[in-house]
Every structure is written in C-alpha cells, then in structure tokens.
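Colleague: Could you take a close look at one part of this model for me and walk me through what you find there?

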Amino acid sequence: MRAAVVASGGQYEIAEVADPSPGPGELLVRVTACGFCGSDLKARAAMPVGTIMGHEFGGEVVGLGPDTEGWLAGTQVAVLPALSCGQCEWCASGHVIHCAKVRLVGLGGTGGGFAELAVVTAAAAFPLTPRIDPVHSALVEPFAVGLHTARTGRIEAGDDVLVVGAGTVGLTTIAWARARGARRITAVDPAASRRSAAESFGATDVLTTVEETQASGYDVVAECAGKAGLLDAFVTAVRPRGRIVLAGVTIDATSFQSWAALMKEVSIGFAVYYTPEEFRTVIAAFTSGLIDPAPLLAKRVELGQVNEAFDDLAQVAASGKILVQP
Ligand SMILES: [Zn+2]
Ligand SMILES: [Zn+2]
C-alpha cells in the first residue's frame with residue numbers, strides 16, 4: 001500500500017510499504033479520510049523514521065482477522081485511535097487511554113491513517129450510520145475531544161462558558177457547550193478567522209485576549225490553546241466554585257497563585273482523549289443533526305500533499321480541519 005511515512009528531518013515521504021494484516025479480533029480498514037492535528041505537528045519530530053502517523057480517521061472495513069466476529073466487510077467506521085486490552089479496570093470503565101497496555105494509533109504505537117490501509121481492534125471501530133458522509137468519519141475524533149472536554153468541565157445548561165483558543169479543540173468544545181445548553185459562550189482567540197469560526201460554531205461573544213475577560217464571570221473556563229502561563233488569568237475569570245478544564249497540549253512548565261484558587265474553591269481538571277461511549281455519542285449527534293460536522297472541514301488533500309498540508313497547518317490563522325483522502 002501507499003503511505004506517508006516519517007522521514008528524517010520531520011518531513012514525510014510517500015512510500016510503498018507492506019499491507020498490514022489483521023490479527024485475532026482485529027479489522028483491516030481502507031482509510032476514507034484522515035485529519036491533520038495540531039498534536040501531530042508537535043509530535044512528528046519525536047516519531048521514529050518510518051512511522052505512519054494520523055490518528056483522526058475512519059474508513060471501510062475490508063478484511064477481518066481470525067476470530068473477529070460480528071463484522072461485515074463494507075461497514076463504514078470511525079476509529080478510536082487508542083487500542084486497549086479490553087480486560088482491565090480502565091477498559092471496563094471506558095477510560096481506555098489509561099489502560100497500561102494501550103497502543104496509540106498514528107502516534108508510534110501502531111500505524112495510523114496517513115496510509116491506504118490500517119489495522120485496528122474491532123473494539124476501537126465504531127460503525128457510522130447511513131446518514132453520515134463517510135468522509136466525516138475523520139471528524140468523529142475531534143468532536144469526541146470537544147465532548148470529553150465539555151464533560152470534564154461539567155458544562156451544563158445555563159452555564160456561562162469561556163473557551164480559550166478557537167482551533168479544532170476549541171471549536172468542537174464550543175459546539176458541545178451549545179448542544180448542552182450553555183447560556184453564554186465566550187471564545188478567545190487572537191486570530192480573526194478563528195473568532196468568526198467560533199461564532200459559527202455557537203459562540204455568543206468573542207474576545208481577542210484573555211485580559212478582556214470579565215472577572216468572576218464564567219462557570220467554566222476551557223483551555224483549548226495549549227498555552228502555558230494563563231492559569232492565574234483563568235482563576236480570575238472563573239466564578240467561585242467554578243471549573244477550569246485544561247485540554248490544550250503543552251510541554252511548557254507553568255506556575256500559578258494557588259491562594260486565589262483556594263479562596264474561590266476552584267476545581268481544576270484536565271481532559272485528554274475520550275471514551276468509547278463518547279465516540280458513540282458523537283456518531284448519534286451527527287446522525288440526529290444535533291451536531292453538524294461539515295463546517296469543521298476546511299480542505300481535502302491527497303496523500304502526496306501531506307507536507308504542504310502540514311505547512312498550512314502551521315499557519316497561526318488556520319481554522320478548520322485539513323483531511324487527507326489516501
Ligand atoms: Zn488529534
Ligand atoms: Zn486495558
């Protein structure tokens with residue numbers, strides 16, 4: 001099969017590699033579409049040469065491993081890109097990312113979606129409904145991130161929500177805040193294109209910087225920018241007994257004045273990945289129309305354009321998903 005593999009210097013090269021073959025309990029998926037993610041940009045330099053990245057994808061089941069039961073070739077699926085053991089207490093609770101044996105798809109654990117074919121466990125494949133465009137299978141993952149962020153921050157009907165950063169995580173968090181009945185959703189982003197995207201996803205107010213936020217004005221603050229050093233500003237912005245949820249990825253150290261958070265009894269949480277149940281909830285929301293994934297799709301490219309697509313993604317003002325269709 002053709003695949004975009006990590007070459008030296010963090011670039012990708014298109015290579016002919018052996019087709020992966022499904023083992024017991026696994027499925028062979030022909031990739032329909034795979035999204036580019038901000039975390040791919042950060043992670044690619046650390047990936048070994050030869051890695052097939054891409055963790056936001058879906059496709060058509062084209063083969064079953066031995067003992068894989070209950071699946072039909074031709075089924076369109078979205079892939080949850082964390083293959084877990086299925087036996088431990090974390091798997092039983094749905095928090096598969098914390099399984100000690102988890103293999104991350106497209107991030108070094110097993111081959112991802114920047115290829116014509118991928119092998120995943122049957123437990124990590126979620127059938128689409130006929131109402132969902134197969135290309136939108138690649139958008140289930142980003143909307144599951146937004147749902148997990150909204151749930152971790154306990155965004156409920158009537159809440160005033162501040163979403164910091166209107167990239168993909170911010171936009172999908174806004175969409176779920178709206179779907180959950182938030183009263184006011186304020187999005188913060190320095191880029192005008194992202195602020196207008198935030199409004200189309202349901203933000204009622206937009207701001208350019210965190211300094212413009214209202215002190216003690218928000219029930220929930222969701223950090224979706226991956227920027228360190230803003231916790232003091234979030235503690236100022238959140239109401240007493242409010243929630244701060246950090247979903248952006250950064251490796252920069254941060255410090256903050258914990259006394260202010262103590263006096264407000266603020267809850268600070270972190271959200272990463274999602275659960276199988278959240279994948280099913282996103283698919284149900286795409287099917288019912290509660291969430292329309294289409295506006296998240298910015299551009300489609302071919303496998304040979306992976307490097308250019310990454311250069312596009314590195315543009316600060318980029319908004320929306322670029323999908324590769326291998
Ligand atoms: Zn991602
Ligand atoms: Zn497990």
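Modeller: Sure, let's take the metal site, where the donors of the zinc ion (ligand 1) are spaced C-x17-H-E along the chain. Keep in mind that this is a predicted model. The Cys and His of that pattern bring distant parts of the chain together: Cys 37 sits in the loop between strand S3 (26–35) and helix H1 (38–43), while His 55, 18 residues apart from Cys 37, belongs to the loop between H1 and strand S4 (56–64). As for the atoms doing the work, the protein donors are SG of Cys 37, NE2 of His 55 and OE of Glu 56, and they lie 2.2 to 2.3 Å from the zinc ion. Cys 37 and His 55 are both buried.

For some context elsewhere in the chain, have a look at the open sheet. Six strands make it up, in the order S12-S11-S10-S13-S14-S15, with parallel pairing. The edges are strand S12 (205–207) and strand S15 (267–270); each has a single partner strand, so one side of each has no neighbour in the sheet. From one strand to the next, the twist averages 20°.

If you zoom in on the S12 edge, you'll see that S12 pairs with strand S11 (residues 184–188) in the parallel sense, over three bridges. Val 188 is opposite Leu 207 of S12 there. S11 also has a helix lying across it: H4 (residues 168–179), which lies across strand S10 (160–164) and strand S13 (218–223) as well. Helix H4 runs at about 175° to S11.

Key:
Residues are numbered from 1 along each chain as its sequence is written. Chains are lettered from A and ligands numbered from 1 in the order in which they are written. This is a predicted model: local features need pLDDT of at least 70, side-chain atom pairs count only at pLDDT 80 or more; totals for chains, interfaces and linings use all residues. Side-chain values use heavy atoms; hydrogens and water are left out. Donors are N, O and S atoms within 2.8 Å of the metal (3.2 Å for Na, K and Ca); water is not among the atoms, so sites may look incomplete. Helices (H or I, at least four residues) and strands (E, at least two) are DSSP runs, numbered from the N terminus. Buried means under 20% relative accessible area, exposed over 50%, partly exposed in between (1.4 Å probe, protein chains only). Two strands pair if DSSP finds at least two bridges between them. Axes are lines fitted to C-alpha atoms, for helices over the stretch in contact, and angles run from 0 to 180 degrees between N-to-C directions. Contact means heavy atoms within 4.5 Å.
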